[in-house]
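Below is a short note for a colleague on ring contacts and on the surroundings of a ligand. Please read the points alongside the model.

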Amino acid sequence: MQNILVTGGAGFIGANFVRQALQALPECRIVNLDKLTYAGNLANLAGIAEDARYRFVQGDICDAELVSGLFVEEQVDTVIHFAAESHVDRSIDGPAEFVQTNVIGTFTLLEAARKAWEVDKSSPSPQPSSFRPCGSARGEGVLRQRFLHVSTDEVYGSLGETGLFTETTPYDPRSPYSASKASSDHLVSAYHHTYGLPVLVTNCSNNYGPYQFPEKLIPLIVNNALNGKSLPVYGDGKNVRDWLYVEDHCAAILEVLQKGQVGETYNIGGNNEKQNIEIVQTICDILDEKVGVLSSGEARRSLITFVKDRPGHDRRYAIDASKVKDELGWEPAVTFEEGIVKTVEWYLGNTEWVASVLDGSYREYYEKQYGA
Ligand code: NAD
Ligand code: DAU
């Protein structure tokens with residue numbers, strides 16, 4: 001039995017991962033540690049709470065006692081670290097929470113993992129790149145396998161018209177969010193070089209799909225377009241992102257976890273660059289087709305409104321994912337054309353979920369922007 005500590009498993013990618021991992025790894029047990037911020041919702045995990053191989057713990061990754069206690073209590077041998085403040089706009093309005101969770105939280109988790117990492121005292125030079133056998137527990141933490149840190153392509157900064165981010169692109173974070181993620185990536189890497197902690201880092205492009213909180217571009221536009229509200233496009237709408245269906249990201253994480261080389265970084269992307277305006281127009285057209293045009297008789301594209309740009313808005317992200325393909329055999333399975341239709345259909349079928357997640361502290365902010 002592999003005991004996996006997932007942090008942030010009640011968020012968008014974490015919840016998709018927990019679902020997929022319970023299916024894909026029949027021998028694993030998952031402990032999900034999540035603070036349940038505005039972005040974390042137990043509704044994202046509906047149907048799995050009863051699974052005997054799953055346990056939910058509400059708590060903060062910055063709580064050193066709680067985290068260290070979990071390593072011992074649950075004999076955690078593997079960590080998949082998703083928990084973070086994840087929204088760039090919020091990091092511009094209030095960076096403190098990003099430094100707290102993304103930097104201090106990751107540091108706290110690393111410290112707990114380090115204590116649990118059993119270094120073979122007889123060996124002057126531990127060999128962290130090999131899996132250690134799970135065996136006797138000595139009443140202490142047992143991180144014997146891997147600490148996989150889930151990060152973002154935003155750490156690399158912004159691209160011009162051409163070029164791709166590779167694993168050796170120098171870090172150049174430009175928002176408080178990406179700076180906090182870059183900082184956490186460096187800490188994770190330092191714990192490998194200094195203490196031999198068996199870490200892996202993944203840097204992924206923009207995800208989309210079920211359970212994404214409707215503050216991010218795709219679910220925000222779906223929800224607003226469905227309800228006849230304005231569709232805010234920042235700046236000229238020509239900023240480019242590389243979009244990846246969330247289940248493909250989760251599959252890549254499982255590959256990296258099982259086959260990745262300890263100490264390495266893997267870039268994950270969808271080979272799917274789109275300008276924001278194309279995304280917004282595509283969603284409008286899918287909705288017009290599926291639920292009919294607006295009651296005014298106008299197409300949903302008429303709701304598009306160009307608004308003031310995001311400060312420091314990165315122009316273009318694009319990932320070179322050839323390392324994860326060549327070394328681990330991972331490639332995205334879902335095309336954007338399929339994924340975006342599946343996503344719109346999921347939101348159409350889950351309007352209660354949208355209403356429930358918008359019911360918390362986010363509602364006030366949302367209604368100020370877009371009306372009740
Ligand atoms: P999300 O905002 O949907 O979920 C974050 C989760 O972390 C929530 O469940 C929240 O309750 C939890 N959390 C926040 N602070 C916490 C704390 N202090 N202690 C415990 N739990 C806490 O985020 P997401 O989009 O699912 O992203 C997950 C991870 O993937 C993040 O690390 C993010 O940087 C990274 N990432 C996201 C994307 C993307 O497109 N969404 C792309 C690449 C990488
Ligand atoms: O690249 C990976 C990153 O992708 C992740 O690390 C982040 O956690 C995730 O939030 C995402 O960051 P972005 O800033 O790219 O995502 P967001 O959905 O906020 O915005 C996507 C693009 O759409 C971006 O260029 C800004 C633009 N945008 C966004 C919103 C919310 C708009 O034009 N209008 C909007 O209302």
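1. K323 lies over the face of Y266, 4.8 Å from the ring centre, and R114 lies likewise over the face of Y195, at 4.2 Å from the ring centre; a charge sits over a ring if NZ of Lys or CZ of Arg is within 6 Å of the ring centre and within 35 degrees of the ring normal.

2. This is a predicted model, in which local features need pLDDT of at least 70, side-chain atom pairs count only at pLDDT 80 or more, and totals for chains, interfaces and linings use all residues. Residues are numbered from 1 along each chain as its sequence is written, chains are lettered from A and ligands numbered from 1 in the order in which they are written, and side-chain values use heavy atoms, with hydrogens and water left out.

3. The structure holds 15 aromatic pairs (rings of Phe, Tyr and Trp, the last by its six-membered ring, with centres within 6.5 Å; planes under 30 degrees apart count as stacked, over 60 as edge-to-face and the rest as tilted). The rings of F98 and Y177 have centres 6.4 Å apart and planes at 85°, so this pair is edge-to-face. Both F98 and Y177 are buried (under 20% relative accessible area, 1.4 Å probe, protein chains only).

4. Y211 and W353 also form an edge-to-face pair, at 6.0 Å centre to centre with 80° between the planes, and both Y211 and W353 are buried. Ring pairs further link Y156, F165, Y171 and Y317 into a cluster.

5. Around ligand 2 there are 23 residues (a heavy atom within 4 Å), the closest being T152, D153, Y177, R310 and H313.

Methods
Buried means under 20% relative accessible area, exposed over 50%, partly exposed in between (1.4 Å probe, protein chains only).
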